[in-house]
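Q: Please take a close look at one part of this model, the pairing of strands where the chains meet. Please go through it in order and give the criteria behind each term.

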Number of protein chains: 2
Amino acid sequence: MEDRYIVIMAGGSGERFWPASRTKRPKHLLPIVGEEPMLAQTVARLEGFVPTENVFVITNSQQLAAVREVCTTLPEANMVAEPVGRDTAAAVGLAMLLIKEKNPDATLAMLPADAFISDAAGFRKALNVAFRAAEDSPSLVTLGIAPTEPATGYGYIQKGEAINQFEGQDVYKVVEFKEKPDLATAEAYLKSGDYYWNAGMFVWSVSAISNALSRYTPTLKSGLDEIENRRSAGEPLFALLEELYPRLEKISIDFAIMEQADNVVTLAATFDWDDVGAWPAIERHFPKDEQGNVADGSAVFESSSGNIAVGPDGHLLAFVGVDDLIVVKTEDATLVCSKKEAQKIKDLVKRLDADKR
Amino acid sequence: MEDRYIVIMAGGSGERFWPASRTKRPKHLLPIVGEEPMLAQTVARLEGFVPTENVFVITNSQQLAAVREVCTTLPEANMVAEPVGRDTAAAVGLAMLLIKEKNPDATLAMLPADAFISDAAGFRKALNVAFRAAEDSPSLVTLGIAPTEPATGYGYIQKGEAINQFEGQDVYKVVEFKEKPDLATAEAYLKSGDYYWNAGMFVWSVSAISNALSRYTPTLKSGLDEIENRRSAGEPLFALLEELYPRLEKISIDFAIMEQADNVVTLAATFDWDDVGAWPAIERHFPKDEQGNVADGSAVFESSSGNIAVGPDGHLLAFVGVDDLIVVKTEDATLVCSKKEAQKIKDLVKRLDADKR
């Protein structure tokens, strides 16, 4: 337990949840699904799994104050801001440095802040198996989510032979990481039973990830080494990150390591999982009326079907003769969007940013 | 001038403009098109045409306070509330009683409170001709609006031979009042040049309308006579209306008199006129962007066309991937409605009333 650490990645921009989300308050800082912000739910889900002082959050400087407000149970020093985003491999490296400094024998889990998981017990059970696998051998463990539908919005992990077992659960060698598939491929994946959704949840020892970084991304690793060495010489972390972090190689962890390394393993996590990637996802988490409408807040539907209404209680959202819309009302903006066109919300946010609204 | 009176009919419920309109604040009390409430625009349009003390407003008890707030230039006693709605013929009768009491030799125009007319000079010119016709002979004058398109949402007036001329403008005998036509019929009307839109604007002398009421709706007229007689005996108007108005025959002025009488005349009013009957009508009064969207307030349109946005400045209405919607944001409710289904807003309002929201 004392050698187990958790690093929660909480740096997304959440453009897809505009207007609820803004640069300073992205999805993981909002109660998109559930009563608490997604990050608070993620922290709560881990309560008692490791000591509180072993839970870290990596965020960015714009969100740091809000992250500290949300994570009241964690030591303030455990919340660290990237001065700039340098993609996920750099964040993995930063997490490794933070934990290594505390405990070079540590094993750490890297978890996204904003996934929705209601089955906390199932989640902790799977996470425990992943930790045991990472503690048992210097492997890179990734949690695979057993797919429930042929989703085209996620990457997939192809499992190979079972190479170990913990708590009665098989751990498999990973054959390959797969990009988001088309529907026919996703259907084939689902049918075969050999593919899991890649939820971006990883567990590895400090030494295993350090070795993998050295082997597969030496440029990034040497940048991280410089931070580590000057930190050991007593320089303050904040100033070091300000100076050196922007120069780190910018590459994703999947591309840098997971798709290259030969010691990647996976296990089938069977807890419910939803990355709630955009507004259309939230209808999975609210009861539908007979016409398939869902409401998070006050809404009324007249000759309307398949709509999603999100707003504060006390402000009535009224739908008349419309289908398959997302309507989100916040204090200073209201979004009216076709469910099919939700990916264009990003374009809108870019335009608004350009117009400085 | 001293014998000319105006009675503005301001009693509509304005359900079609929910959520901007409510029972106590219907369309004519709102600036649906223009900066001022429609009723205030109607009063302003008449300024100087007759003395202020000759302008009356008939409304209902729920709206009386708001009407007085809007019509600050008119004497308070000139705003009279029907205790209950008894259709337009009873309102015509009430108007006649009010004016007759002031001046039995009067000629009065009955005008709706909520039409949009930007050409005030053209309007006053036509109204003057109508007054001259009604002063010249005991006829029932109705202003016909020269149609600009084959509209199916209005009733039509079929003109006959020219029987007189004032200020160089012909006055025609009316052949027939026509109900709202289908599109083919409306196209034929437009092509023939013999049909005008019925805008519900009438001018007649007290004696002409009194005689018409006696001849065509004797039951209603005897009810009105009772009010008149007891009023002459000194009873206060408010108490009399409370007691007797609810018992008056309920019938429309078109059905009771205009479709029956043989002394109905019309003239071609060529000022712009729009009764702004429902939300879709407002797009005629705002500039359109290249995709045909209009905004009364702050709005942004991404991959969207043909939408109507109505909201307060400072609250952004954002449209993404949607077409032909009406979105109206007020303080406590937001409407999202298909333009084609705008007539169903009434159904929604009924449901909300039933649910007492």
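A: In chain A, β11(A) and strand β13 (residues 316-320) run parallel and are joined by four bridges; strands here are DSSP runs of E with at least two residues, helices are runs of H or I with at least four, and both are numbered from the N terminus. Within this pair, Val300(A) has Ala318(A) of β13(A) as its bridge partner. The model is predicted, so local features need pLDDT of at least 70 and side-chain atom pairs count only at pLDDT 80 or more, while totals for chains, interfaces and linings use all residues. Residues are numbered from 1 along each chain as its sequence is written, and chains are lettered from A, ligands numbered from 1, in the order in which they are written.

The pair belongs to an open sheet of six strands with mixed pairing, in the order β11(A)-β13(A)-β15(B)-β14(B)-β12(B)-β10(B); two strands pair if DSSP finds at least two bridges between them. At the edges stand β11 (299-302) of chain A and β10 (294-296) of chain B, each with a single partner strand, so one side of each has no neighbour in the sheet. From one strand to the next the twist averages 10°. Helix α10(B) packs on this sheet, touching β11 and β13 of chain A together with β15 of chain B, and its direction makes about 135° with that of β11(A). Axes are lines fitted to C-alpha atoms, for helices over the stretch in contact, and angles run from 0 to 180 degrees between N-to-C directions.

A second open sheet of six strands, also with mixed pairing, has the order β10(A)-β12(A)-β14(A)-β15(A)-β13(B)-β11(B). Its edge strands, each paired on one side only, are β10 (294-296) of chain A and β11 of chain B. Neighbouring strands are turned by 10° against each other on average, direction ignored. β10(A) and β12 (residues 308-310) of chain A pair in the parallel sense over three bridges, and Asp296(A) stands opposite Val310(A) in β12(A). Helix α10 (residues 345-354) of chain A packs on the sheet and touches β15 of chain A together with β11 and β13 of chain B; its direction makes about 135° with that of β11(B).

The step between chains in this sheet is the pair β15(A) and β13(B): strand β15 (residues 333-338) of chain A runs parallel to β13(B), and five bridges join them. There, Cys337(A) has Val320(B) as its bridge partner.

Taken as a whole, the contact uses 31 residues from chain B and 31 residues from chain A, two residues being in contact if their C-beta atoms, placed from the backbone, lie within 7 Å. On the chain B side, β11 (299-302), β13 (316-320), β14 (325-329), β15 (333-338) and α10 (345-354) each give two or more residues. β15(B) gives the most, six residues. That side divides into 17 nonpolar, five polar and nine charged residues; Ala, Val, Leu, Ile, Met, Phe, Trp, Tyr, Cys and Pro count as nonpolar, Asp, Glu, Lys and Arg as charged, and the others, Gly among them, as polar. Of the interface residues of chain B, 100% are also interface residues in chain A, so the copies meet through the same surface.

A turn of 180° and a shift of 0.1 Å along the axis lay chain B on chain A with an RMSD of 0.1 Å. That is the relation of a two-fold axis. In chain B, the C-alpha nearest the axis belongs to Val336(B), 4.0 Å from it. The superposition is by least squares on C-alpha atoms of residues with pLDDT of at least 70 in both copies.
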